[in-house]
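The following exercises are to be worked through with the sequence and the model in view. Each task is followed by a solution in steps.

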Amino acid sequence: MASHVESVTGNSQVAILFADVVGSTRLYEAMGDDRARATVQECLAVMKEATDQFGGSVIKTVGDEVMSTFPSADDAMNAASQMQQRITNNPAIGAEGVPFSIRIGCHFGAVTVENRDNFCVAVKTANRMTSQAKAGQIMTTAVTVDQLGHEWRAVARQLDVATVKGHSDEVAVFEVLW
């Protein structure tokens, strides 16, 4: 599938968010290619709208996943919550009898963008949080939780620790309830 990349330059601290459709293979089997592709495109549109609404930038889309950056951790959580509310288990999206959801991972850290893409440790960490998430979850790191305002910090709970490439120690993994 095509990839869209938006150019961002410089080295700055941002919240990196990955949002990914869960079980897209099952979705394609249940709905057929055309209907599943349209449903995934609808989800990507919701993810992009939420990113825009909360001051973020879509860096790229690959298949059924969006990578965005936000100026603050709160902006990223606001967008993540909006994405989950509008997509996960929404009866208007998907097929009857096929549970439809997304999983989201986020990390706040320094990024340097070169050649229109990010390859830094912060991006790898955010991506790892996505792989830790189950359907309907928003997962993040202690670093991100420390950046959150009181309201979001109050709904974050540590679930686990994970090994992340580029980190010498394990990283605390938090679920943020939406």
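**Exercise 1: Helix α4**

The buried residues of α4 are Ala 122, Val 123, Thr 125, Ala 126, Met 129 and Thr 130, where buried means under 20% relative accessible area, exposed over 50% and partly exposed in between (1.4 Å probe, protein chains only). The model is predicted: local features need pLDDT of at least 70, side-chain atom pairs count only at pLDDT 80 or more, and totals for chains, interfaces and linings use all residues. Residues are numbered from 1 along each chain as its sequence is written, and side-chain values use heavy atoms, with hydrogens and water left out.

Task: determine how the buried residues of α4 are arranged about its axis.

Solution.
- Step 1. Locate the helix: α4 comprises residues 121-132. Helices (H or I, at least four residues) and strands (E, at least two) are DSSP runs, numbered from the N terminus.
- Step 2. View α4 down its axis: the buried residues fall within an arc of 160°, so they line one face of the helix. The arc is that of the directions from the helix axis to the C-beta atoms.

**Exercise 2: The nonpolar cores**

Task: state which residues have the most contacts inside the largest nonpolar core, and which elements supply it.

Solution.
- Step 1. A nonpolar core is a set of buried Ala, Val, Leu, Ile, Met, Phe, Trp, Tyr and Cys residues joined through side-chain atoms within 4.5 Å.
- Step 2. The largest such core has 39 residues, and Leu 17, Met 47, Met 83, Ile 87 and Ile 104 have the most contacts inside it.
- Step 3. At least two residues of this core come from each of β2, α1, α2, β4, α3, β5 and β9.
- Step 4. A second, separate core has 10 residues, among them Ile 16, Ile 59, Ala 122 and Val 123.
- Step 5. Take Met 83 as an example: beyond its neighbours within four places in sequence, its contacts (heavy atoms within 4.5 Å) include Leu 17, Val 46, Met 47 and Ile 104.

**Exercise 3: Salt bridges**

Task: describe where the partners of three salt bridges lie, namely Asp 20 with Arg 103, Arg 37 with Asp 34, and Arg 86 with Glu 49.

Solution.
- Step 1. A salt bridge is a side-chain nitrogen of Lys or Arg within 4 Å of a carboxyl oxygen of Asp or Glu. The structure holds 4 of them.
- Step 2. Asp 20 and Arg 103 meet at 3.1 Å, N to O. Asp 20 lies in strand β2 and Arg 103 in strand β5, 83 residues apart. Asp 20 is buried at 10% relative accessibility, whereas Arg 103 is partly exposed at 23%.
- Step 3. The closest N and O atoms of Arg 37 and Asp 34 are 3.3 Å apart. Both residues belong to helix α2, where a spacing of 3 residues separates them by about one helical turn. Asp 34 is exposed at 61%.
- Step 4. For Arg 86 and Glu 49 the closest N and O atoms are 3.0 Å apart. Arg 86 is in helix α3 and Glu 49 in helix α2, so this pair ties together parts that are 37 residues apart in sequence.

**Exercise 4: Thr 144**

Task: decide whether Thr 144 is buried or exposed, and identify what surrounds it.

Solution.
- Step 1. Thr 144 is found in helix α5, residues 142-147.
- Step 2. Its relative accessibility is 0%, and Thr 144 therefore counts as buried.
- Step 3. Residues up to four places away in sequence aside, Thr 144 touches Ala 73, Met 77, Cys 106, His 107 and Phe 108.

Key
The expected span of a helix is 1.5 Å times one less than its number of residues.
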